[in-house]
Amino acid sequence: MESDSFAIRKKILDLTREFYAVAHKPAAFKKGDKIRYAGRVFDDKELTSLVDASLDFWLTAGRYSLRFEKELAAYMGHKHALFVNSGSSANLVALSALTSPLFGQRRIKPGDEVITCATSFPTTVNPILQNGAVPVFLDAEVDTCNMDLTHLEEALTSKTKAVMVAHTLGNPFDLDKLSSFCKEHSLFLVEDCCDALGAKWDNKMVGTFGDVATLSFYPAHHITTGEGGAVLTSSALIKRAAESMRDWGRDCWCAPGEENTCSKRFGWKLGDLPFGYDHKYTYSHIGYNLKATDMQAAVGCEQLKKADAFVAARRKNHAYLLKALSSSFGSCFIMPRSLAKANPSPFGFVLTVRDDAGFTRDELTACLEKAGIATRLVFAGNITKQPAYKNKQFRVVGELTGSDTIMNNTFWFGVYPGLEKASLDFIIGTIGSFVKSRQKK
Ligand SMILES: Cc1ncc(COP(=O)(O)O)c(C=O)c1O
């Protein structure tokens with residue numbers, strides 16, 4: 001029976017490989033093809049791994065999830081990785097974990113303040129609000145798109161408990177400054193690395209400088225599991241709180257399908273519950289269920305093996321575009337900048353149209369979109385101007401002029417490993433023709 005199922009599984013996986021070659025093998029770029037800003041890059045390995053997991057029909061977290069978490073933690077240089085169902089969930093779990101009573105006086109309570117950047121992806125900021133804390137917005141630098149640290153000290157009050165900020169589009173922020181500021185004032189540092197897998201600061205992985213880091217595995221990102229994300233930490237306490245937040249708020253830490261790993265499942269006395277109340281049904285946090293499935297993890301295991309190659313391809317594409325665009329069009333654009341100790345793992349290529357360029361950002365993006373080149377804005381721009389945040393409680397320290405410029409003048413396009421040299425040349429050529437047509441007027 002078992003050998004039958006093994007043989008059939010093998011046949012199915014062999015057929016899956018064949019299917020990949022017929023249905024999914026990427027074709028070379030031809031003029032007229034759409035140039036996406038990002039996209040999943042995969043081969044028969046991801047497809048067979050996914051099918052293999054589906055044949056287990058375990059459905060929730062299982063053998064692949066455990067493996068993915070272990071390998072991801074090792075890749076990132078952390079002790080623990082928790083697989084969740086999105087990068088947004090990872091941010092929610094990470095920040096919510098820091099509200100845990102496990103942290104005593106350090107914990108983030110309603111009304112406490114968390115410093116963040118006004119140019120953000122919304123779900124970097126939302127967990128602060130969702131936990132009843134107050135975002136304190138600092139401006140962004142136009143050329144790095146990262147938080148401007150000029151007014152960092154001014155942002156600090158007795159209520160400040162944490163800094164939660166992203167390495168925008170894979171470009172590391174100043175980790176020396178921000179992590180020493182956090183250490184000096186006993187603040188938690190949450191590094192949103194959703195766009196930054198593989199980026200390094202001083203030769204060390206970003207995400208390992210703060211207390212907790214997050215990743216997204218949405219298909220646009222460096223590696224994908226479809227929907228998916230992860231929380232990374234080397235703190236046993238943060239891991240404990242984050243796992244509880246992810247898994248319904250429960251006190252028990254048994255993996256799905258396991259029980260009694262604490263060896264006293266019916267021997268706890270917690271809260272006002274009677275002695276021996278089943279630990280599996282004892283809740284120490286107001287939690288969620290943000291777990292992902294084994295099928296997603298199965299794809300992640302194969303993608304992770306390719307992470308270094310993906311990051312290298314992104315860096316190569318970015319360098320190629322930077323060389324071509326800055327030598328010819330530096331007078332029209334503010335070019336992307338990274339700090340001396342930063343080795344970005346670019347999510348995209350960012351350009352800011354100068355006010356005196358002779359054209360606007362929107363005119364240029366309209367031209368690129370018409371040519372089939374997908375463009376994106378730097379997320380929420382100045383998030384304080386977004387409708388959802390209008391009547392929310394937040395503080396702004398300094399002026400948000402950089403964020404306004406990013407909102408009005410900045411955009412980005414793809415550098416993902418699926419782009420060939422021909423696509424990059426087409427992007428460069430299209431920008432070049434547009435700029436020349438405007439300069440003639
Ligand atoms: C910086 C940043 N944080 C968080 C997220 C959310 O990730 P997800 O789409 O997986 O929820 C994104 C999404 O792209 C992001 O760019």
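Domain bounds here come from an automatic or database domain assignment. The model is predicted. On this basis the chain divides into domain 1, residues 52-304, and domain 2, residues 307-440. The centres of the two domains, taken over C-alpha atoms, are separated by 28 Å. Domain 1 brings 43 residues to the contact, and domain 2 brings 40 residues.

Several elements build the side of domain 1 that touches domain 2. Helix 5 (122-130), strand 3 (134-138), helix 6 (152-155), strand 6 (200-201) and helix 9 (294-305) each supply at least two of its residues. Strand 3 provides the largest share, five residues. By class, this side of domain 1 holds 23 nonpolar residues, 11 polar residues and nine charged residues.

The ligand is surrounded by 14 residues. Ser86, Gly87, Ser88, Cys194 and Ser216 come nearest to the ligand. Helix 4 (87-97) and helix 5 each supply at least two residues of the shell. Helix 4 gives the most, with three residues. Helix 5 thus appears twice: in the shell around the ligand and in the side of domain 1 that touches domain 2. By class, the shell has eight polar, four nonpolar and two charged residues.

Helix 12 covers residues 401-409. Its buried residues are Gly402, Ser403, Thr405, Ile406, Met407 and Asn409. These buried residues pack against two strands and a helix: strand 12 (348-353), strand 14 (410-414) and helix 11 (361-370).

Notes: Residues numbered from 1 in each chain as written. Predicted model: local features only at pLDDT ≥ 70, side-chain atom pairs only at ≥ 80, totals over all residues. Buried ≥ 20, exposed ≤ 12 C-beta atoms within 10 Å, placed from the backbone. Helix = DSSP H or I, 4+ residues; strand = E, 2+ residues; numbered from the N terminus. Contact = placed C-beta atoms within 7 Å. Nonpolar A, V, L, I, M, F, W, Y, C, P; charged D, E, K, R; others polar. Near = placed C-beta within 6 Å.
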